[in-house]
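Me: I would like to go through some labels and the cut-offs behind them. Please set each value against its definition.

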Amino acid sequence: MDFPSLLIQLLNAVQYGLLLFLVASGLTLIFGIMGIINLAHGSFYMIGAYVAFVLASATGSLLMAIAIGVPLALALGWLLEWLVFSHLYRRDHLEQVLLTYGLILFFEEARSLLVGNDVHSVAIPELLRASIALTDTLSYPVYRLFISLVCLALALALYLLIRHTRLGMMIRAGSHDRDMVAALGININLVYRIVFALGVALAAFAGMIAAPVSTVYPGMGGHVLIISFVIVVIGGIGSVSGALVAALIIGFTDTFGKVIFPDYAGILVYVVMAAVLLWRPEGILRRG
Amino acid sequence: MRGAPTPMAELLVAEKLTRRFGGLAANQDVNLSLQPSQLHALVGPNGAGKSTCINMLSGDLAPTSGRVLLEGRDITRLTSFQRSMIGIGRSFQRTNIFPKFTAFENCRLAAQSRRQRAWRLFTDAALLVDARDKASAALKRAGLARREEIAAGTLSHGEQRQLEIAMVLATDATVLLLDEPLAGMGAEESAQMVDLLKALRTDHSILLVEHDMDAVFAVADVITVLVNGQVLASGKPETIRGNRDVQQAYLGQDEVLHG
Amino acid sequence: MKRFLPLLKYCPLVLLIALPFFAPPYYTELLAKILTFAIFAMSLDLLIGFTGLVSFGHAAFFGIAAYALVLLTPKYAAVSLWIAFPGAVLAAAVAALVIGIFALRTKGVYFIMVTLAFAQMVFSLFQDTKLGGGSDGVFLNTRPDATLFGYTPFDLANGQHAYYFVLAMLVATHLLLARVLRSPFGRALVGIRSNEHRMRSLGFATYRYKLGAFTLAGALAGVAGFCYAVLFAFVNPELLSWHKSGDAILMVILGGMGSLGGAIAGAFAFVAMQESFSQLTKHWLLVMGTVIVLTVLFLPGGLAAVPDRIRRTLSGSARRAAGITPPPSREGGGSEGGAHTDG
């Protein structure tokens with residue numbers, strides 16, 4: 001493979017990995033902080049994508065759709081935590097699995113009812129439609145670079161939030177001893193609600209910005225959920241940095257896998273997971 | 001393990017056991033030795049590292065450095081279930097039984113571990129006479145003979161502590177690592193437990209972690225005092241009682257002694 | 001009067017045996033499908049209800065056996081039942097063994113995620129590659145031939161014969177599992193569910209027991225998958241999807257975990273729910289999803305609470321006789337709880 005083609009694949013791998021990181025970070029945060037396994041997390045990604053499609057069609061602008069969609073996602077997360085998830089904290093994993101599975105059924109069917117089951121494409125915003133020329137024949141879309149940059153910025157923001165703010169401190173504290181933190185007068189319920197809403201918004205936002213490059217289709221929620229699980233397993237539950245490393249590994253595995261073994265690319269990701277399980281069952285970067 | 005042990009040979013030895021958690025050394029160069037038919041008590045204030053030590057001996061925690069030896073053989077790398085199979089049994093500070101099973105079934109299951117041809121898929125477990133006999137004997141020894149058919153979760157606290165020990169006895173353990181068996185017990189129950197420990201001492205090697213100093217002085221042959229993860233003093237009860245460092249660090253502050 | 005009570009539990013079996021004689025073929029077919037799911041549910045209950053392993057990838061083994069049958073069948077002939085059945089079940093068992101070796105290195109939530117991921121891997125294998133027709137699936141042209149030594153005892157192409165074959169598999173699976181659960185191996189599994197840490201402390205090599213249970217459960221899921229392929233003569237990757245795994249979990253929970261009869265009841269309840277909701281509306285999954293969410297939220301013992309209570313009353317005598325649980329005393333209707341396998 002010549003260098004420009006290699007560069008394209010490399011950039012694709014990074015972009016895909018970073019996008020997956022956004023989704024997986026929400027999942028691992030929610031599990032690490034609140035102890036809840038949420039199967040419906042992929043549905044938020046799907047909801048983000050379909051919301052982007054609907055709003056972009058209505059307003060004619062993806063960026064406008066995102067501007068409206070993200071607050072909507074935050075509100076959805078807030079509402080869900082308040083109504084449903086706040087009751088799950090002390091329940092065992094089986095009940096959490098069952099309830100969130102029920103949620104998946106609900107969301108998928110609701111989408112089917114409201115928007116239908118068609119596959120849609122979303123246009124890249126005018127501003128970002130250019131391509132950077134790499135050779136006379138090959139160029140790389142600016143929009144994909146945009147995605148990578150935005151994801152990186154969010155990753156940085158997340159890092160700063162968790163390490164250097166009071167909220168981040170409360171998040172880290174809450175994960176170790178809920179009752180004790182509550183006894184200190186910190187409103188743990190509020191912290192959890194914020195974290196959950198944040199997780200939902202991250203996943204939904206990922207769906208929104210990914211829409212132009214990955215199309216909007218019914219099974220997208222399930223697909224991203226399972227990849228996110230693989231990432232969390234590899235990276236270690238509760239570890240955001242682990243999720244970043246793992247997401248990039250998966251991004252590379254998938255992208256280059258499709259080039260080298262097109263038929264079996266889908267399986268390669270799980271083979272990597274199996275290898276990690278042999279070597280370090282608790283995850284590459286253990287928690288803490 | 002089954003032959004008569006030579007009187008002065010050491011059975012279980014902890015050699016410079018060290019365990020660090022990040023920068024904190026929960027145990028530092030701890031040396032302990034256990035002889036046959038001996039009760040060795042491990043005492044110390046809260047946070048001294050007693051739980052960490054017993055966890056390293058039972059295989060629940062791996063040491064950062066140091067060794068554990070059984071009859072001279074290095075067993076540091078063995079897991080908890082492997083150690084159980086070579087005769088090291090452990091009871092827990094927080095009652096760790098099977099609440100929904102009867103007391104009998106708790107012990108029968110414990111005894112079943114001894115003859116593990118794991119792929120015995122078709123015989124009826126109730127027919128394993130060996131395991132049933134061991135269970136009955138263990139329960140009798142622990143003083144629970146009349147409570148066999150009661151659900152373990154509904155036993156009184158003291159009885160549950162007895163069951164903890166009965167389960168270990170049912171596994172034919174020769175070395176008993178007992179983690180605060182008297183925890184939460186009233187005076188009468190404690191006295192019964194002390195009698196049990198004295199009886200067990202005759203044919204077992206016991207490492208006893210305890211806070212109740214009266215009980216400790218009543219049953220221990222050797223006492224090791226652990227403070228801040230390090231051994232402060234170790235020796236016969238009278239020696240420990242008279243040791244000024246120990247009195248300063250531990251006994252004087254916390255416990256009232258009965259001469 | 002009391003002496004006849006234990007016989008009550010055979011009533012459902014008698015009904016099931018008699019049914020094809022007075023019900024139209026549609027119901028026989030439907031019932032055969034439910035019985036297939038019942039086998040599937042029992043096999044999963046071994047894992048979830050008895051060993052405490054919440055596997056979200058059980059459909060993989062169901063599907064592998066179904067595909068194995070189809071792949072073992074020559075294009076224009078029938079394969080011998082006596083080769084295809086062991087072959088399919090063996091394929092499922094081997095898959096379960098291999099996946100189990102990796103998956104059981106994890107516990108708790110990790111285990112749930114990993115089993116889901118591996119099942120998805122198997123799904124991708126069948127969906128994306130040309131193995132077995134890809135996403136379109138593949139038809140079973142001729143059902144397996146039961147001929148042995150020149151004598152053909154039954155014909156699986158015949159709806160009624162196929163029904164009795166599945167029923168026989170159900171009874172055999174039930175008997176097998178009941179036996180296994182009474183064995184030392186089975187008692188150890190229940191101990192592992194209750195308190196795995198203590199089991200290890202007592203000298204049990206728990207990984208081996210869990211792997212054994214996982215493999216056995218996989219093999220039995222394979223029996224169910226084989227039956228499914230015989231009944232419907234068509235397999236596609238949907239059989240391996242995680243939605244199927246989710247359905248199975250639902251069946252186990254509906255029927256009350258930790259009870260074989262319950263798993264069978266759960267399969268019936270699940271199909272009943274499916275049928276009644278789909279009569280209500282095209283978007284019955286919406287109703288199903290809502291019901292699941294509401295039930296978990298408001299029935300603390302989960303959906304198992306009601307069948308659990310009924311089951312306790314009915315089977316209390318059997319358990320007491322085995323000395324495994326004591327006579328009901330102060331310990332009230334505590335729920336079976338879930339899988340407490342994580343650290």
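Me: How many residue pairs are in polar contact across the interface of chain A and chain C?

Reply: The rule finds eight, with both residues at pLDDT 80 or more. A polar contact is a pair of N or O atoms within 3.5 Å; within protein, one must be able to donate a hydrogen and the other to accept it, and residues adjacent in sequence count only if both atoms are side-chain atoms. This is a predicted model, in which local features need pLDDT of at least 70, side-chain atom pairs count only at pLDDT 80 or more, and totals for chains, interfaces and linings use all residues. Side-chain values use heavy atoms, with hydrogens and water left out, residues are numbered from 1 along each chain as its sequence is written, and chains are lettered from A and ligands numbered from 1 in the order in which they are written.

Me: Why is B:Glu180 called buried?

Reply: Buried means under 20% relative accessible area, exposed over 50%, and partly exposed in between (1.4 Å probe, protein chains only). B:Glu180 has 10%, so B:Glu180 counts as buried. Its phi is positive, about 45°, although the residue is not a glycine.

Me: What makes B:Asp29 partly exposed?

Reply: The relative accessibility of B:Asp29 is 36%, which lies between the two limits, so the label is partly exposed. B:Asp29 is not a glycine either, yet has a positive phi of about 50°.

Me: How many salt bridges are there between chain A and chain C?

Reply: The count is zero, where a salt bridge is a side-chain nitrogen of Lys or Arg within 4 Å of a carboxyl oxygen of Asp or Glu.
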